[in-house]
Amino acid sequence: MSEEQRPQSGHNHSHCIETALDTAEQLCAEQGQRLTKVRRRALELIWESHRPLGAYQLLAKLAEEGFNSAPPTVYRALDFLLAAGLIHKVESMNAFLGCAHADRAHKGYFLICDDCHNVMEFDYQDIHSSLAARAAEQNFELRSETIELTGLCSTCKDTGAPE
Ligand SMILES: [Zn+2]
Ligand SMILES: [Zn+2]
Ligand SMILES: [Zn+2]
């Protein structure tokens, strides 16, 4: 795993946010899409930490800032960010996580820390080919894959009270 995929190792998080916003601007420009103010701010709020953010939390934050935070507006912004690959939905938490490699196609697999609730992307795309191959053997058409592993992240493991 690269340094920036390890959220807790005392990293410079403003760097994560900057990179994510730059990538978003670039991808939208390439695809002829507009990163409107509300889309951009939603992305930024989701990137505030490596803990996934729920739609209602996002809605409340946008409302506080005076955005049009009617649910349809917020859901449309989330749909846009999801379709653009800029965020992922973490199903078991019903919340959204910024993607650090939005510039390349990949499946979102997650490592979820039970303690600090940070979520890391599990960058192991071989899983996809194995799953697809096994599913095909059973003549099963795979449409979505949700792989969310829970446990303790390296920071929580190290700082856990010994006995
Ligand atoms: Zn970060
Ligand atoms: Zn991702
Ligand atoms: Zn943790």
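How many of the 5 residues of strand β3 (residues 109-113) are buried? In this predicted model, the count is 4 of the 5, so β3 is largely enclosed by the rest of the structure. A residue is called buried here if 20 or more other C-beta atoms lie within 10 Å of its own.

**Overall form**

The protein has 6 helices and 5 strands. Along the sequence these elements follow the pattern α-α-α-α-β-β-β-β-α-β-α. The C-alpha trace spans about 50 × 45 × 25 Å along its principal axes. For 163 residues, a compact globule would have a radius of gyration near 15 Å; the protein has 17 Å, which agrees. Buried residues make up 23% of the 163 residues. Among contacts between residues at least 6 apart in sequence, 56% join residues at least 24 apart.

**The sheet around β3**

Strand β3 belongs to an open sheet of 3 strands with the order β4-β3-β5 and mixed pairing. Strands β4 and β5 stand at the edges, each with a single partner strand, so one side of each is left without a neighbour in the sheet. From one strand to the next, the twist averages 25°.

The two pairings of β3 are described in turn. With strand β5 (residues 147-151), β3 runs parallel, and 5 bridges join the two. With strand β4 (residues 119-121), β3 runs antiparallel, and 3 bridges join this pair. The table lists bridge partners for some residues of β3.

| Residue in β3 | Partner strand | Bridge partner |
|---|---|---|
| Tyr109 | β5 | Ile147 |
| Phe110 | β5 | Glu148 |
| Ile112 | β4 | Val119 |

Strands β3 and β4 form a hairpin with 5 residues between the strands. In this hairpin, His117 takes a positive phi near 65°.

**Helix α1**

How far apart are the end C-alpha atoms of helix α1 (residues 13-30)? They are 26 Å apart. At 1.5 Å a residue, the 18 residues of α1 should span 26 Å, so the distance agrees with the expected span. The expected span is 1.5 Å times one less than the number of residues. An α-helix has 3.6 residues a turn, so residues three or four places apart point the same way. Just after α1, Gly32 takes a positive phi of about 65°.

Conventions. Residues numbered from 1 in each chain as written. Chains lettered and ligands numbered in written order. Predicted model: local features only at pLDDT ≥ 70, side-chain atom pairs only at ≥ 80, totals over all residues. Buried ≥ 20, exposed ≤ 12 C-beta atoms within 10 Å, placed from the backbone. Pairing = 2+ DSSP bridges. Rg over C-alpha atoms; globule rule 2.2 N^0.38 Å. Contact = placed C-beta atoms within 7 Å. Axes fitted to C-alpha atoms, helices over the stretch in contact; angles between N-to-C directions.
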